[in-house]
Amino acid sequence: MDAKYDLHSLVEMKKDHPCGNNKFEIVRMGADIKIKCTNCDRTIMMPRRDFNKRLKKVL
Ligand SMILES: [Zn+2]
């Protein structure tokens with residue numbers, strides 16, 4: 001799946017964040033993608049291919 005997303009898109013991932021939330025905002029796009037948990041504001045950085053694998057849907 002190659003979903004359409006961009007900087008500041010809200011996304012749902014296949015796995016919940018440890019805080020129990022499952023909504024993230026894309027805060028950096030590049031070879032690596034950085035997402036921020038909308039509940040606890042912690043950020044996660046991962047290679048784009050991993051992001052594509054873990055992405056459930058774009059909100
Ligand atoms: Zn969180």
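Lys-34 stands opposite Met-45 in strand β4. On its other side, in this predicted model, Lys-34 of β3 is the bridge partner of Arg-28. I shall begin with the strands around this residue, then turn to the core, the aromatic pair, the pocket and the loops.

Strand β3 covers residues 32-37. Its pairing with β4, residues 43-47, is antiparallel and runs over five bridges. With β2, residues 24-28, β3 also pairs in the antiparallel sense, here over four bridges. Both connections are hairpins: three residues join β2 to β3, and five residues lie between β3 and β4.

How are the residues of β3 divided between a covered and an uncovered face? Ile-33, Ile-35 and Cys-37 make up the covered face, while Asp-32, Lys-34 and Lys-36 make up the uncovered one. In a regular strand, side chains alternate between the two faces of the sheet. The residue with which I opened, Lys-34, thus belongs to the uncovered face.

The covered face leads us to the interior. The largest nonpolar core comprises 11 residues: Tyr-5, Val-11, Met-13, Phe-24, Ile-26, Ile-33, Ile-35, Cys-37, Met-46, Phe-51 and Leu-55. Strands β1, β2 and β3 each contribute at least two residues to this core. The largest share, three residues, is that of β3. Ile-33, Ile-35 and Cys-37, members of this core, are the residues of the covered face that I have just named.

Two further core members, Tyr-5 and Phe-51, deserve separate attention. How many aromatic pairs does a search of the whole structure find? It finds one. Tyr-5 and Phe-51 form this pair, with 4.9 Å from centre to centre and 70° between the planes. The arrangement counts as edge-to-face because the angle between the planes is over 60 degrees. The pair links distant parts of the chain, since Tyr-5 lies in the segment before β1 (10-13) and Phe-51 in helix α1 (residues 48-54), 46 residues apart.

Are these two aromatic residues buried or exposed? Tyr-5 is buried, with a relative accessible area of 13%. Phe-51 is buried as well, and its relative accessible area is 0%. Both count as buried because their values fall under the 20% limit.

I turn now to empty space. The largest pocket has a volume of about 190 Å³. Its lining consists of Met-13, Lys-14, Lys-15, Asp-16, His-17, Pro-18, Phe-24, Ile-35, Ile-44, Met-46 and Arg-54. By class, six of the lining residues are nonpolar, one is polar and four are charged. Met-13, Phe-24, Ile-35 and Met-46 appear in this lining and also in the nonpolar core.

Finally, the backbone and the loops. Which residue in the turn between β3 and β4 has a positive phi? It is Asp-41, with a phi of about 65°, although Asp-41 is not a glycine. A second residue other than glycine with a positive phi is His-8, at a value near 75°. His-8 is placed in the segment before β1, as is Tyr-5 of the aromatic pair.

The loop between β3 and β4 also holds Arg-42. Arg-42 is exposed, with a relative accessible area of 58%; the residue receives this label because its value is over 50%. Arg-42 and Ala-31 are 11 residues apart in sequence, and their C-alpha atoms are 20 Å apart in space.

Methods. Residues are numbered from 1 along each chain as its sequence is written. This is a predicted model: local features need pLDDT of at least 70, side-chain atom pairs count only at pLDDT 80 or more; totals for chains, interfaces and linings use all residues. Side-chain values use heavy atoms; hydrogens and water are left out. Rings of Phe, Tyr and Trp (its six-membered ring) pair if their centres lie within 6.5 Å; planes under 30 degrees apart count as stacked, over 60 as edge-to-face and the rest as tilted. Buried means under 20% relative accessible area, exposed over 50%, partly exposed in between (1.4 Å probe, protein chains only). On a 1 Å grid over the protein atoms alone, a cavity is a set of points where a 1.4 Å probe fits but cannot get out, and a pocket is an open set with protein on both sides within 12 Å along at least five of seven lines; lining residues have an atom within 4 Å of a point. Grid points are joined across faces, edges and corners, and a volume is the space filled by probe spheres set on the points. Ala, Val, Leu, Ile, Met, Phe, Trp, Tyr, Cys and Pro count as nonpolar, Asp, Glu, Lys and Arg as charged, and the others, Gly among them, as polar. Two strands pair if DSSP finds at least two bridges between them. A nonpolar core is a set of buried Ala, Val, Leu, Ile, Met, Phe, Trp, Tyr and Cys residues joined through side-chain atoms within 4.5 Å.
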